[in-house]
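Here are some exercises to work through with the structure open beside you. Try each task before reading its solution.

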Amino acid sequence: MGSGGILWSEWVKLRSIRSTWWLYGMLFAVTVGLGAQVASALGFGTADVEPTREALQALGVYTSAVSTDFTGLIVSVLAVLFMAGEYGSGMIGTTLTSVPKRVPALLAKAIVFAVVTFAVSAVAVVITALLSVAMLSGRGIGIDLGDALYWRAQLGVVLYLVLAGLIGFAIGAILRSTTGGIAVALGVLFAAPIAVSLFIKGSSQMWIQNVGGLLPTELGEALFSHPGQWAFIAPGAPPLQPTPGLWAFEPWQAGLLLLAWVIALLAVAATLLKRRDV
C-alpha cells in the first residue's frame, strides 16, 4: 500500500470512530464557550493605571488560552483512543498486515491525527478570538487584530493542542492500552504539573523548578505566551525580571522542546512496534 493509501485508510478509521466527533465537539465547545465566558466577565476592574496596549492584547490571547488545561486533556484522550483502541479491537493485526514495515502505519496515524486536530483547533481558536474581540469591544476594550504577536500566540494555542495530542498518541502506542494510556497521558499533562508545583513550594532548589518548566503544560504556556501578559496580570507593575539561574523559554524554544517530547516518545513507540508480535 502506498503512502497516500495508508493516509486515506487512517483518515477513514479516525472519522469512523464515534468518540472522535464527540471529543472534537467537546474541544470546540469548551474553547469557544469558556473563551466567551471569560471575555464577558474579565477586564481590568477599577485599576488606577490605564492598561497598556500589550496588556489588552494579552487579555485577548487569554480568552483563547484559558481552556487549554481542559482541551489539552481532551485531545490526549482522543489520541490514546485512536491509537491504542486498535489493540483493543484487534484491528491492529489488519493494519500491520497491510503495512508490513509497521513504522509508516504509525507515522500515517500520527500525521492524520495531527492534521485533523490542527484544523479543528484552528477553527475553534479563530472563532473564539473573533467572538471575544467583539464582546470585549462592546465593553470598551479594544483588541488590535493587526498585531502579529497576538496571532502568533493564538497559533501557539493550536500548536500546543496538536503536540499535546501527539504526546498522548505516542503514549497509547507504547502502552497498547486505552485505560493505561489515558491514565499516563492525564498524569503527564495534569497530575505531574500539580505534583511538581507542590514540590517546588517546599524546596528552594533551582534545578527542581527548571525540571518543572520542561513539563508539556509549562512549555505550552510559554508557547502561547504574549509579551504583554505580565502587564495584563499586574497593570502598572514593572516588567517581570528573569530570575538568575531559572530557565525562561521563548515561544519558539518551548515549541521545539514540546516537539522533542513528541519525537522521543514516537521513537520509543516505533521501536517497540517493530519488536513486538503485534
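**Exercise 1. Decide whether Ala41 is buried or exposed, and find how far it is from Leu136.**

Step 1. Ala41 has a relative accessibility of 63%, so Ala41 counts as exposed. The cut-offs are under 20% relative accessible area for buried, over 50% for exposed and partly exposed in between, with a 1.4 Å probe and protein chains only.

Step 2. Ala41 belongs to helix α2. Helices here are DSSP runs (H or I, at least four residues), as strands are runs of E of at least two, numbered from the N terminus.

Step 3. From C-alpha to C-alpha, Ala41 and Leu136 are 9.2 Å apart in space, with their positions 95 residues apart in sequence.

Before you go on: the model is predicted, so local features need pLDDT of at least 70 and side-chain atom pairs count only at pLDDT 80 or more, while totals for chains, interfaces and linings use all residues. Residues are numbered from 1 along each chain as its sequence is written, and side-chain values use heavy atoms, with hydrogens and water left out.

**Exercise 2. Work out how α2 and α4 are oriented, and what their contact is made of.**

Step 1. The two axes come within 9 Å and cross at roughly 170°. Each axis is a line fitted to C-alpha atoms, for helices over the stretch in contact, and angles run from 0 to 180 degrees between N-to-C directions.

Step 2. This makes α2 roughly antiparallel to α4, because angles over 145 degrees count that way (under 35 is roughly parallel, 65 to 115 roughly perpendicular, the rest oblique).

Step 3. Contact means heavy atoms within 4.5 Å. Among the residues involved are Leu23, Leu27 and Leu34 of α2, and Phe70, Ile74 and Leu81 of α4.

Step 4. By type, the residues of this contact are 12 nonpolar, four polar and no charged. Nonpolar covers Ala, Val, Leu, Ile, Met, Phe, Trp, Tyr, Cys and Pro; charged covers Asp, Glu, Lys and Arg; the others, Gly among them, are polar.

**Exercise 3. Find which helix gives the most to the largest nonpolar core.**

Step 1. A nonpolar core is a set of buried Ala, Val, Leu, Ile, Met, Phe, Trp, Tyr and Cys residues joined through side-chain atoms within 4.5 Å. The largest has 55 residues, and those with the most contacts inside it include Leu27, Tyr160, Leu166 and Phe169.

Step 2. Helix α7 gives the most, with 14 residues.

Step 3. Leu166 touches Ala110, Phe113, Ala114 and Val262, if residues up to four places away in sequence are not counted.

Step 4. Another core lies apart from this one, with 11 residues, including Ala39 and Val133.

**Exercise 4. Classify the aromatic pairs Phe82–Phe169 and Tyr160–Phe224.**

Step 1. Rings of Phe, Tyr and Trp (its six-membered ring) pair if their centres lie within 6.5 Å; planes under 30 degrees apart are stacked, over 60 edge-to-face and the rest tilted. The count by this rule is four aromatic pairs.

Step 2. Phe82 and Phe169 are 6.4 Å apart, centre to centre, with 40° between the planes, which is tilted. Phe82 is in α4 and Phe169 in α7, so the pair ties together parts 87 residues apart in sequence. Phe82 is buried at 2% relative accessible area, and Phe169 is buried at 0%.

Step 3. Tyr160 and Phe224 form an edge-to-face pair, at 6.0 Å centre to centre and 75° between the planes. Tyr160 lies in α7 and Phe224 in the loop between α10 and α11, so this pair ties together parts 64 residues apart in sequence.
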